[in-house]
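Colleague: I've got a fresh model open and would like to talk it through with you. Mind if I fire off some questions?

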Amino acid sequence: MEMASSAMTCNLAVLLAAVMAAALSTPSMAQHPLQYNFYSSTCPQAEAMVRNVTEGIIRKDRTMGAALVRLFFHDCFVRGCDASILLDPSSSNPSTEKKAIALRGYDAVNQIKAAVEAVCPGVVSCADILAFAARDSAVVSGGFTSFAMPAGRRDGNVSKFFEVLQNMPSPVFKLQDLIKSFAAKGLNADDLVTLSGAHSFGQAHCSSFNGRLYPSVDPTMNATFGAALRTVCPAPGSNAGDPVVNNNRVTDPDTLSNQYYSNLRSGQVLFVSDQQLMNTTDMAAKVASNAADPAAWMARFAAALVKMGGIQVLTGTAGEVRKVCYATNS
């Protein structure tokens with residue numbers, strides 16, 4: 001068993017290197033303003049510090065891996081990867097992104113930032129900390145071989161409630177809307193399918209998918225799966241609350257894996273936007289490929305996460321490096 005595990009790790013590392021090299025050779029990545037080992041001279045222990053604290057947080061609460069990956073996704077899709085999702089409301093801006101959607105992980109990011117600030121004050125941006133923490137969550141929660149995440153992002157000073165509604169793909173989006181939403185951020189259909197694999201872990205409110213349960217179970221949903229969800233999720237308008245359920249109700253709900261694609265093929269996923277990935281022959285083939293080869297999916301996911309981390313970044317003298325992640329410096 002140890003030899004088989006070592007062989008898989010080696011194969012994954014080789015595959016990851018190949019996929020990352022291919023990603024970096026594309027025009028969008030070739031012009032990437034970020035750099036690998038960005039803090040090698042200014043704060044050489046930065047990534048190790050983030051990794052150690054992130055690992056401790058997830059070991060204590062296994063649901064936090066998904067929370068950190070989701071935070072990174074939301075940050076990058078709204079105003080680019082600039083840590084704007086982390087800003088608290090203030091007297092000058094009472095309606096920040098944070099008010100538009102209920103997310104977890106803010107305290108975890110603040111904890112990581114405090115640890116880094118204690119060693120290298122004013123050097124490492126919150127945007128980079130969130131990117132590193134998302135990468136490290138994949139390693140801890142998904143068993144990924146650690147992969148390089150370029151850095152050099154600066155923190156933004158603007159965070160607007162309404163921009164979340166304008167930029168985030170909805171869980172009820174149809175396929176063409178999903179493709180268009182990702183294309184607007186420089187991501188393609190392969191990235192859409194690959195990054196959707198993050199729905200193998202994490203949680204969701206019933207209100208985000210109960211249109212598939214009532215008045216009757218969506219015929220594209222596994223009937224037994226749907227019936228079980230109806231025992232947890234109340235009908236819309238029933239004033240019975242909005243419970244939270246695991247995205248993955250088939251296997252370990254706190255492990256990032258390619259299980260999502262098997263769940264998708266068997267009709268055991270929550271969102272309309274999930275099931276839409278089966279709506280064309282081409283997309284269904286991508287789903288099947290990811291379901292069949294966990295190592296290949298892991299390599300694709302790592303490359304797509306890095307690619308996503310380059311969306312509309314602030315670099316150089318743009319923005320700032322915040323002292324705390326929940327407030328701007330002035």
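## Bridges, disulfides and a helix

Modeller: Go ahead, and let's start with a charged pair: Arg 212 and Asp 218 are both buried. Keep in mind that this is a predicted model.

Colleague: How far apart, N to O, are the side chains of Arg 212 and Asp 218 in their salt bridge?

Modeller: The cut-off for a salt bridge is 4 Å between a side-chain nitrogen of Lys or Arg and a carboxyl oxygen of Asp or Glu. Arg 212 and Asp 218 meet that, with an N to O distance of 3.1 Å.

Colleague: How many salt bridges does the structure hold?

Modeller: Arg 212 with Asp 218 is one of them. For the whole structure, the count of salt bridges is 14.

Colleague: Which residues are joined into one network by salt bridges that share partners?

Modeller: Start from Arg 135, which has a salt bridge to Asp 136 with the closest N and O atoms 2.6 Å apart. Arg 135 and Asp 136 are both buried. Shared partners bring in one further name, and the network is made of Arg 135, Asp 136 and Glu 47.

Colleague: What about Arg 153 and Asp 128: how many residues apart are they?

Modeller: Their side chains form a salt bridge at 2.7 Å, N to O. The pair links distant parts of the chain, with Asp 128 in helix 6 (126–142) and Arg 153 in the loop between helix 6 and helix 7. Both Arg 153 and Asp 128 are buried. Along the chain, the two are separated by 25 residues.

Colleague: On to the cysteines. What is the pairing of the bonded cysteines, numbered in sequence order?

Modeller: There are four disulfides in the structure. Counting the bonded cysteines along the chain, the pairing reads 1-4, 2-3, 5-8, 6-7.

Colleague: Why does the disulfide of Cys 43 and Cys 120 tie together separate parts, and how many residues apart in sequence are they?

Modeller: The sulfurs of Cys 43 and Cys 120 are joined at 2.1 Å, and both residues are buried. Cys 43 sits in the loop between helix 2 (27–30) and helix 3 (46–60), while Cys 120 sits in the loop between helix 5 (106–119) and helix 6, so the link bridges a sequence separation of 77 residues.

Colleague: Is the disulfide of Cys 76 and Cys 81 right-handed or left-handed?

Modeller: Cys 76 and Cys 81 have their sulfur atoms 2.1 Å apart, and both residues are buried. The torsion about their S-S bond is about 120°, so the disulfide is right-handed.

Colleague: And which hand does the disulfide of Cys 126 and Cys 325 have?

Modeller: The sulfur atoms of Cys 126 and Cys 325 are 2.2 Å apart. This pair links distant parts of the chain, from helix 6 to the segment after helix 14, 199 residues apart. The torsion about the S-S bond is about -100°, so this one is left-handed.

Colleague: Since you mention helix 14, which residue caps its N-terminal end?

Modeller: Helix 14 covers residues 294–308 and reaches 20 Å from first C-alpha to last, close to the 21 Å expected. It's mostly covered, with 13 of its 15 residues buried. At the N-terminal end, a side-chain oxygen lies 3.3 Å from the backbone nitrogen of Ala 295, and the residue that provides it is Asp 293.

Colleague: Is Ser 159 buried or exposed?

Modeller: Ser 159 lies in the loop between helix 6 and helix 7. A polar atom of its side chain is 2.9 Å from the backbone oxygen of Ser 84. The cut-off for buried is under 20% relative accessible area. Ser 159 has 1%, so it counts as buried.

Colleague: Last one: which residues form a nonpolar patch on the surface?

Modeller: Look at helix 7 (residues 161–167), where Phe 161 is found. Phe 161 is partly exposed, at 31% relative accessible area, and patch members need over 30%. Together the patch has about 300 Å² of accessible area, and its members are Phe 161, Phe 162 and Leu 165.

Key
Residues numbered from 1 in each chain as written. Predicted model: local features only at pLDDT ≥ 70, side-chain atom pairs only at ≥ 80, totals over all residues. Heavy atoms only, no water. Patch = residues over 30% accessible without salt bridge, like charges linked within 9 Å, V, L, I, M, F, W, Y side chains within 5 Å. Areas by Shrake-Rupley, 256 points an atom, 1.4 Å probe, with all protein chains shown as cover. Helix = DSSP H or I, 4+ residues; strand = E, 2+ residues; numbered from the N terminus. Buried < 20%, exposed > 50% of the residue type's maximum accessible area, 1.4 Å probe, protein only. Expected span 1.5 Å × (residues − 1). Polar contact = N/O pair within 3.5 Å; in protein donor to acceptor, adjacent residues only side chain to side chain. Disulfide = S-S within 2.5 Å.
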